[in-house]
Amino acid sequence: MTGPLAAALVGAGVLFFLAGTVGLLRFPDLHARLHALTKADTLGLGLVAAGVALLAGDVLVVARLLLIWLLAMLAAATAGQLIARAARPRPREPRP
Amino acid sequence: MSLFADPFALLGALLVAVGFAGLVGGADLVRRLIGFNVAGSGLFLMFGGLSGRMLGAPLPTGPDPVPQAMVITGIVVALAAIAIGIALARGLETVAPPDE
Amino acid sequence: MSALFDWLLALSALALGLASVAARSRFAAIALFIAYGVLVSLLWVRMGAVDVALAEAAIGAGLTGVLMLQAAPGASAGPAPRLRALPVAVAAATAAALMVAVADIGRAPGETLGARAMAELGRAGADNPVTAVLLSYRGWDTFLETVVLGVALVAVWALAAEAQWGGPATARQRVRPAGLLSTFGRLLPPVGLVTGAYLVWTGASAPGGAFQGGTVLAAMWLLAMMADRVAAPATGSAAIRLLLVAGPALFLAAGLLGTAFGTMFGWPPGFEKPAVLAVEFGLAVSIAATLALLVVGPPQLGR
């Protein structure tokens with residue numbers, strides 16, 4: 001039973017990656033592209049990790065998969081914010 | 001075992017040529033260094049792919065460890081060379097900015 | 001099915017390598033090169049060489065990418081690569097010659113060093129044969145490699161202006177104190193430090209080792225510097241210079257000790273694994289410091 005369920009989860013994850021990539025290539029401006037990329041990839045990676053975790057059969061491996069997902073989420077969210085901020089037309093900051 | 005059963009050595013050979021073209025015909029210093037690096041990783045892939053073929057069946061721990069260790073050494077030395085190259089390129093562009 | 005996957009992966013890597021070399025802007029070339037490095041790393045996983053895959057992802061794609069991005073603003077929009085007849089002809093001839101070599105070398109399995117490396121694993125002090133090759137069989141080679149890293153750092157530093165020699169590695173970044181990057185620079189390093197130390201520790205028996213773990217440690221130091229959590233060190237400080245040479249010096253001392261047991265870099269019988277682990281941790285610290293300072297660049301140049 002876990003086999004088909006895992007395959008369905010991984011397949012759904014790959015679909016989200018595909019959607020994110022299409023968004024990255026087709027959306028008109030940087031913010032829309034970032035939106036497509038960060039959100040779809042985070043969810044896609046989560047689904048793939050969940051599918052693989054079903055097949056792992058070892059709590060330590062599942063914990064490592066969870067940690068990888070959390071770290072990837074943290075990195076994607078931070079990188080997305082930083083890129084969006086760097087692209088924003090800058091109000092003049094007071095010099096320290 | 002068929003000669004082209006796996007793509008690794010063949011891909012490596014093509015990447016060496018691609019990297020060489022970039023190294024010689026590259027548009028600026030950084031892109032030439034990228035060509036240098038692509039050629040380097042192509043050589044590593046060739047080495048890994050060919051050693052897998054020489055070994056036949058992999059050892060219980062995986063592929064031949066000797067080429068693996070040599071490729072790791074190569075990757076680290078390539079980074080050292082690129083670091084000098086980038087520092088030289090940045091220094092050159094501070095002294096004489098590219099006119100583009 | 002998995003052969004099809006390998007061929008698709010190889011085609012993607014070739015396309016990315018071509019696109020990176022032929023990119024119109026320097027920034028695009030670097031971005032494509034980083035993606036190319038990740039695919040090459042996956043190819044090494046497919047070959048079963050996880051040690052190399054870790055090194056390629058961490059050093060080949062990650063650190064090299066960061067290093068190149070520092071030079072990205074220099075000439076953002078350059079001309080497309082010149083396609084002159086001679087380089088293209090030489091590249092095509094190279095490709096043809098290498099393909100002939102690929103078709104010719106290793107038609108049948110032959111004698112390799114791998115089997116002999118496995119036979120002596122007990123005396124080499126590591127269950128991971130790649131670590132055994134790096135630290136025991138080819139210890140001399142690996143020692144000189146760490147020296148090469150140090151020499152490269154001296155060469156990079158030597159590009160600084162006379163007055164800057166020994167100065168701080170780079171100007172301070174301006175980062176908002178409670179901003180996003182600052183928080184990230186505080187959250188990630190503890191996790192990264194544990195991961196780096198784990199990679200060094202596990203390298204004796206599983207994929208990992210001083211170079212892979214040291215690179216993770218270097219990345220954490222770089223992140224802390226970029227997020228302005230720690231200041232860039234003065235390149236003239238005695239503590240930093242001691243940190244840079246400690247690993248190679250320990251490796252050399254252990255190697256010389258080996259002469260008492262018969263051969264240079266031969267580990268004391270019965271204490272092979274502790275010796276390898278001690279050298280690995282010493283090397284990892286020095287490799288981390290050297291790699292991070294190589295990426296940071298010469299004191300104050302171009303800022």
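## Chain C at a glance

Reading chain C from its N terminus, you pass through α-α-α-α-α-α-α-α-α-α-α-α. That makes twelve helices and zero strands. Keep in mind that this is a predicted model.

How far does the C-alpha trace of chain C span along its principal axes? The answer is about 55 × 55 × 35 Å. Of the 303 residues in chain C, 46% are buried. As for contacts between residues at least 6 apart in the sequence of chain C, 74% of them join residues at least 24 apart.

## A look at helix H11

Helix H11 of chain C covers residues 238–259, which is 22 residues. At 1.5 Å a residue, H11 should span 32 Å, and because its end C-alpha atoms sit 31 Å apart, the two figures agree. There is still a bend to spot along the way: H11(C) has a kink of about 40° at C:Ala246. The proline C:Pro248 comes shortly after that kink.

Which residues of H11(C) are buried? They are C:Leu244, C:Gly247, C:Pro248, C:Phe251, C:Ala254 and C:Gly255. So the proline that follows the kink is itself on the buried list, and here is a handy rule for reading such a list. An α-helix has 3.6 residues a turn, so residues three or four places apart point the same way. The cover over the buried residues of H11(C) includes two other helices of chain C, H8 (139–157) and H12 (272–296).

## Where chains A and C meet

Chain A and chain C also touch, with five residues from chain A and five residues from chain C taking part. On the chain A side of this contact, three residues are nonpolar, two are polar and none are charged.

Technical notes:
Residues are numbered from 1 along each chain as its sequence is written. Chains are lettered from A and ligands numbered from 1 in the order in which they are written. This is a predicted model: local features need pLDDT of at least 70, side-chain atom pairs count only at pLDDT 80 or more; totals for chains, interfaces and linings use all residues. Two residues are in contact if their C-beta atoms, placed from the backbone, lie within 7 Å. Ala, Val, Leu, Ile, Met, Phe, Trp, Tyr, Cys and Pro count as nonpolar, Asp, Glu, Lys and Arg as charged, and the others, Gly among them, as polar. Helices (H or I, at least four residues) and strands (E, at least two) are DSSP runs, numbered from the N terminus. A residue is buried if 20 or more other C-beta atoms lie within 10 Å of its own, exposed if 12 or fewer, and partly exposed in between; C-beta atoms are placed from the backbone. The expected span of a helix is 1.5 Å times one less than its number of residues. The bend at a residue is the angle between axes fitted to the seven residues ending there and the seven starting there.
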